[in-house]
Amino acid sequence: MDLEKIKKQLLEKREQILKSMEEASKNDLNEKTGVGDDADNVTEELSRETFYRLNQADRETLFLIDLALRKIENGTYGICEECGAVIGEKRLEAIPWVRLCIDCSQNEEIVRAFQQKNEEEMLYNIIPPALGGEEEESKAVPSE
Ligand SMILES: [Zn+2]
């Protein structure tokens, strides 16, 4: 495995993300200039939030890239964080900042999908029933 090559790849991708984030924040600033009324603060808050949300994937990748670079430095690069197995070279070439081997990442995806499903069900369950829910509600409150 050519660590120097991978390191270069990681640094290039890092640069690329930082640049695109910079561009995005510049555009964001340009949009804001010219707005000078009382709603200014609200607009700023909203667009900042949008900006962060849009860039969440990029920031995550950035974090993973830094992690991978650190691993190259301390000699743990290419080792699965979950099970300690050596991650396949092809996999690392495709995604140099990958943290898990194929098996573990598949498991993680299953767990994640399961958690998401549970969260959706929980959300669904806390929606009160449209009719006839009043009695249930008063029973649920403990009287002391
Ligand atoms: Zn693993």
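The largest cavity in this predicted model is lined by Leu-64, Leu-67, Ala-68, Lys-71, Tyr-77, Gly-78, Ile-79, Ile-87, Trp-97, Val-98 and Arg-99. Its volume is about 50 Å³, and the structure holds one cavity of 30 Å³ or more. The protein around it has six helices and zero strands, and a zinc ion has as its protein donors Cys-80, Cys-83, Cys-101 and Cys-104.

**Cavity and the residue Trp-97**

- Sorted by class, the residues that line the largest cavity comprise eight nonpolar, one polar and two charged.
- Trp-97, one of the residues lining the largest cavity, is found in the loop between α4, which covers residues 89-94, and α5, which covers residues 102-126.
- Trp-97 has a relative accessibility of 18% and therefore counts as buried, the cut-off being under 20%.
- Although Trp-97 and Phe-63 are 34 residues apart along the chain, a distance of 9.2 Å separates their C-alpha atoms.

**Zinc site**

- The zinc ion is bound through the SG atoms of Cys-80, Cys-83, Cys-101 and Cys-104, which lie 2.3 Å from the ion.
- The angles among the four donor atoms run from 106 to 114°, and the site of the zinc ion is tetrahedral; for four tetrahedral donors in general, the ideal angle at a metal is 109.5 degrees.
- Along the sequence, the donor residues of the zinc ion follow the spacing C-x2-C-x17-C-x2-C.
- Two of these donors can be set side by side in terms of accessibility: Cys-80 is buried, with a relative accessible area of 3%, whereas Cys-83, at 48%, counts as partly exposed.
- The assignment of Cys-83 follows from the cut-offs, because a residue is called exposed over 50% and buried under 20%, and the 48% of Cys-83 lies in between.

**Annotated zinc-finger spans**

- An unreviewed UniProt entry places the feature "domain: Zinc finger DksA/TraR C4-type" at residues 75-104; in the model this span is 30% helix and 0% strand, and its end C-alpha atoms lie 21 Å apart.
- For "zinc finger region: dksA C4-type", UniProt, again in an unreviewed entry, lists residues 80-104; over these residues the chain is 36% helix and 0% strand, with the end C-alpha atoms 8 Å apart.

**Largest pocket**

- The largest pocket holds about 430 Å³ of space, and 16 residues line this pocket, with Leu-64, Arg-99, Leu-100, Glu-108 and Arg-112 lying nearest its centre.
- The elements that contribute two or more residues to the lining of the largest pocket are α3, spanning residues 56-74, and α5.
- By class, the lining of the largest pocket is made up of six nonpolar, two polar and eight charged residues.
- Leu-64 and Arg-99 are among the residues nearest the centre of the largest pocket, and both also appear in the lining of the largest cavity.

**Overall fold and helix α1**

- From the N terminus on, the elements of the protein run α-α-α-α-α-α, and buried residues account for 22% of the 144 residues in the protein.
- Lys-5 is found in helix α1, which takes in residues 3-32.
- With a relative accessible area of 51%, Lys-5 is exposed, since the cut-off for this class is over 50%.
- The C-alpha atoms of Lys-5 and Glu-93 are separated by 9.7 Å, while the two residues are 88 residues apart along the chain.

How values were computed
Residues numbered from 1 in each chain as written. Predicted model: local features only at pLDDT ≥ 70, side-chain atom pairs only at ≥ 80, totals over all residues. Heavy atoms only, no water. Donors = N, O, S within 2.8 Å, 3.2 Å for Na, K, Ca; no water. Tetrahedral: all angles 85-135°; square planar, octahedral: opposite > 155°, others 65-115°. Buried < 20%, exposed > 50% of the residue type's maximum accessible area, 1.4 Å probe, protein only. 1 Å grid on protein atoms, 1.4 Å probe; cavity = no way out; pocket = protein on both sides within 12 Å on 5 of 7 lines; lining within 4 Å. Points joined across faces, edges and corners; volume = space filled by probe spheres on them. Nonpolar A, V, L, I, M, F, W, Y, C, P; charged D, E, K, R; others polar. UniProt positions renumbered as here; feature names shortened; annotations may be inferred. Helix = DSSP H or I, 4+ residues; strand = E, 2+ residues; numbered from the N terminus.
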